[in-house]
Amino acid sequence: MRQYRIAAVPGDGIGTEVIQAGLEVLRALAARDGGFSLVIESFPWGTDYYLEHGRMMPEDGLKTLKPFDAIYFGSAGDPRVADHISLWGLRLAICQPFDQYANVRPSRLLPGINGPLRDVGSDDLDWVIVRENTEGEYAGAGGRVHRGHPEEVGMDVTVFTRSGVERIQRFALELARTRSAKHLTMVTKSNAQRHGMVMWDDIFEEIKGDYPDVETDKMLVDAMTTRMVLDPRSIDVVVATNLHADVLSDLAAALSGSMGIAPTGNLNPERRYPSMFEPIHGSAFDIMGKGIANPIGAFWSASMMLEHVGEPVAAAALMDAIERFAASGKGMPRDLGGEATTRDVTDAVIALIEGKNV
């Protein structure tokens with residue numbers, strides 16, 4: 001039997017609730033399939049750990065995570081601790097050292113879900129946004145000096161490397177090649193940012209000819225937001241910098257119905273380190289503990305994780321269950337217009353996995 005080691009890091013807020021739901025779904029899939037098993041170990045890292053130990057995760061946390069086949073992550077963020085401490089102390093503290101440079105965010109208008117765009121159906125909005133995930137605007141370079149004085153300076157330095165830009169662009173081109181539309185849009189802001197962004201443009205011009213089967217175009221990030229709203233059918237795969245793709249993918253999630261359904265894979269494509277999978281909705285402390293968080297984003301992320309570790313059949317079965325649940329229109333969570341609890345949605349999806357009617 002194939003066996004996979006999964007590190008569960010629920011983190012903060014509703015992350016603890018949706019990851020627990022996702023683990024239940026994963027166990028149901030493994031039981032149904034019979035050909036693989038999951039060895040899951042949970043790590044209680046996050047803000048509670050920080051308040052007790054002064055760090056978001058142990059000093060040897062990366063060494064602990066490295067042997068796992070994948071990481072299943074919830075969220076980082078808590079009003080008791082500044083956001084930059086929780087983010088840099090946990091999520092980015094995993095992504096960057098593990099060189100998870102390809103952040104992949106699918107956005108699809110699932111059957112039965114009505115998005116905010118008029119006359120846009122499930123066949124019209126099917127995107128993948130590829131985000132450079134380890135450098136750029138979130139490289140962490142910069143600092144603050146002269147604190148408390150009128151001349152205080154705070155500076156974040158955007159860092160682009162040729163190797164970093166080329167590898168994410170090639171990753172996106174390869175991904176576009178696998179899809180039916182075979183189309184890639186490269187997004188920058190090179191009219192105003194005339195060094196790093198122009199380098200993005202130049203490298204793209206150099207390498208896109210290696211993919212003659214992929215149709216390409218380029219857009220400025222502000223124009224891209226307009227295109228996503230007014231012409232969603234023209235978009236397939238998008239590649240952009242760390243900051244730009246972060247913003248665009250949140251917009252994409254909203255246009256596909258809710259932040260609650262959107263997944264993410266933080267990939268180390270060369271598999272030298274474990275990749276990490278997470279819903280993008282964050283910790284959502286306003287609804288923590290109420291049992292109403294939408295777990296679909298965690299389920300979809302789990303499907304991406306199964307695909308990554310080498311279980312495409314189980315991954316497809318989970319996506320099929322998610323789509324059938326959405327198409328039924330019954331028992332929707334609150335962010336999708338219903339009254340269902342996290343428990344209700346989890347039970348319904350597990351029932352579909354087990355071949356039962358809901």
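**Reading the cores and surface of a predicted chain**

Modeller: Of the 90 residues in the largest nonpolar core, those touching the most other members are Y72, L184, M228, L318 and V349. This is a predicted model, in which local features need pLDDT of at least 70 and side-chain atom pairs count only at pLDDT 80 or more, while totals for chains, interfaces and linings use all residues. Residues are numbered from 1 along each chain as its sequence is written, and side-chain values use heavy atoms, leaving out hydrogens and water.

Biologist: What is a nonpolar core?

Modeller: In soluble globular proteins, nonpolar side chains tend to be buried together. A nonpolar core is a set of buried (under 20% relative accessible area, 1.4 Å probe, protein chains only) Ala, Val, Leu, Ile, Met, Phe, Trp, Tyr and Cys residues joined through side-chain atoms within 4.5 Å. Here a second, separate core has 17 residues, including A7, W45, A93 and C95.

Biologist: Which residues are in contact with V349, leaving aside its neighbours within four places in sequence?

Modeller: Contact means heavy atoms within 4.5 Å. V349 has such contacts with V25, F299, L318, A321 and F325.

Biologist: How much of the chain is buried?

Modeller: Of its 358 residues, 52% count as buried.

Biologist: Which residues form a nonpolar patch on the surface?

Modeller: A patch of this kind joins nonpolar side chains (Val, Leu, Ile, Met, Phe, Trp, Tyr) within 5 Å, from residues with over 30% relative accessible area and no salt bridge, that is, no side-chain nitrogen of Lys or Arg within 4 Å of a carboxyl oxygen of Asp or Glu. In this chain the patch consists of V145, V153, M155, V157 and V159, with about 360 Å² of accessible area together, by the Shrake-Rupley method with a 1.4 Å probe. Strand β7 (residues 153–159) gives the largest share, four residues; strands (E, at least two residues) are DSSP runs numbered from the N terminus.

Conventions:
Patch = residues over 30% accessible without salt bridge, like charges linked within 9 Å, V, L, I, M, F, W, Y side chains within 5 Å. Buried < 20%, exposed > 50% of the residue type's maximum accessible area, 1.4 Å probe, protein only.
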